[in-house]
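Student: Hi! Could you walk me through this one, piece by piece?
Tutor: Happy to, let's have a look together.

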Amino acid sequence: MTKPFISYTITVLIRIIQLIRLIQLNSTITNDDINNLRKENTVIVIDYRDRRPIYEQIVERFQELILKDILEPDNQLPSVRNLAMELSINPNTIQRAYTQLEQEGYIYSVQGKGSFVSENDSLVLKKKEEILDEASKLAKIAKEYGIKKNKFISVIAGEFGEES
């Protein structure tokens with residue numbers, strides 16, 4: 001097993017233990033308790049078998065955390081130095097990822113203070129449009145290969161946990 005995988009596994013186990021303790025101490029778990037656990041679990045895991053550069057993996061993970069509102073607007077990101085030490089990688093790699101995130105509008109920098117999550121409403125809308133475009137392309141491909149509309153819709157509905 002690789003070091004990042006072991007680190008991630010340990011982090012997940014710690015979160016599970018925290019959740020069990022919450023349940024034992026208090027039979028009712030509030031949304032705040034769950035949100036606090038979610039925010040603590042913003043682990044960036046590097047897959048060294050992935051062919052993509054490390055900075056791209058970091059960018060993708062931060063984009064996911066921001067778009068899913070796990071990292072909320074105006075939350076401060078870890079410093080370049082701290083994240084580099086945590087991931088055991090060169091700080092220049094983190095800086096490159098942060099620069100790309102800033103250029104794409106996911107984060108903004110404040111001189112001497114650090115990097116912060118930008119308002120993400122327009123980013124979420126853009127991502128939804130991208131997903132719908134991909135779905136449209138996939139529907140066209142399915143049609144070309146003779147997949148029936150009802151079958152295609154039932155598969156999509158199944159992914160949403162619905163019956164068609």
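Tutor: We can start with the whole chain and then turn to helix packing and a few single residues.

Student: Before that, what kind of model is it, and how are residues numbered?
Tutor: This is a predicted model, in which local features need pLDDT of at least 70, side-chain atom pairs count only at pLDDT 80 or more, and totals for chains, interfaces and linings use all residues. Residues are numbered from 1 along each chain as its sequence is written, and side-chain values use heavy atoms, with hydrogens and water left out.

Student: Cool. How many helices and strands are there in the chain?
Tutor: The chain has 7 helices and 2 strands. Helices here are DSSP runs of H or I with at least four residues, strands are runs of E with at least two, and both are numbered from the N terminus.

Student: And what pattern does the chain follow along the sequence?
Tutor: Along the sequence the pattern reads α-α-α-α-α-β-β-α-α.

Student: What share of the residues is buried?
Tutor: Of the 164 residues in the chain, 23% are buried. Buried means under 20% relative accessible area, exposed means over 50%, and partly exposed lies in between, using a 1.4 Å probe and protein chains only.

Student: What about the accessible surface?
Tutor: The accessible surface of the chain is about 12,200 Å², and 53% of that belongs to carbon and sulfur atoms. The areas come from the Shrake-Rupley method with a 1.4 Å probe, and for residues only the protein chains shown count as cover.

Student: On to packing. At what angle do α3 and α5 pack?
Tutor: Helix α3 (residues 54-67) and helix α5 (residues 91-103) pack at about 45 degrees, and their axes are 9 Å apart. That makes α3 oblique to α5. For reference, angles under 35 degrees count as roughly parallel, over 145 as roughly antiparallel, 65 to 115 as roughly perpendicular, and the rest as oblique. The axes are lines fitted to C-alpha atoms, for helices over the stretch in contact, and the angles run from 0 to 180 degrees between N-to-C directions.

Student: Which residues make that contact?
Tutor: On α3 the contact is made by I54, Y55, I58, V59, F62 and Q63, and on α5 by T93, I94, R96, A97, Y98, Q100 and L101. Contact means heavy atoms within 4.5 Å. By class, the α3 contact with α5 has 9 nonpolar, 3 polar and 1 charged residues. Ala, Val, Leu, Ile, Met, Phe, Trp, Tyr, Cys and Pro count as nonpolar, Asp, Glu, Lys and Arg as charged, and the others, Gly among them, as polar.

Student: How about α4 and α5, what's their angle?
Tutor: α4 and α5 pack at about 120 degrees, with axes 8 Å apart, and they are therefore oblique to each other. In α4, V80, L83, A84 and L87 meet P91, I94, Q95 and Y98 in α5. By class, the contact of α4 with α5 has 7 nonpolar, 1 polar and no charged residues.

Student: Switching to single residues: where does D74 sit?
Tutor: D74 is in the loop between α3 and α4 (80-87). D74 is partly exposed, with a relative accessible area of 46%. Phi of D74 is near 70 degrees, a positive value in a residue other than glycine.

Student: Which sign does phi have in most residues other than glycine?
Tutor: Most residues other than glycine have a negative phi. S88 is also worth a look, with phi near 60 degrees, a positive value in a residue other than glycine. S88 lies in the loop between α4 and α5 and counts as partly exposed at 47% relative accessibility.

Student: Back to D74, what does it touch?
Tutor: Not counting residues up to four places away in sequence, D74 touches Y108, F116, V117 and E119. The C-alpha atoms of D74 and S118 are separated by 6.1 Å, although the two are 44 residues apart along the chain.

Student: Is S118 buried or exposed?
Tutor: S118 is buried, with a relative accessible area of 13%. S118 is in the loop between β2 (114-117) and α6 (121-144). Leaving out residues up to four places away in sequence, S118 touches P73, G105, Y106, I107 and Y108.

Student: Last one: where is Q57?
Tutor: Q57 is in helix α3 and counts as buried at 6% relative accessibility. Leaving aside neighbours within four places in sequence, Q57 is in contact with V45, I46, D47, D50 and R52.
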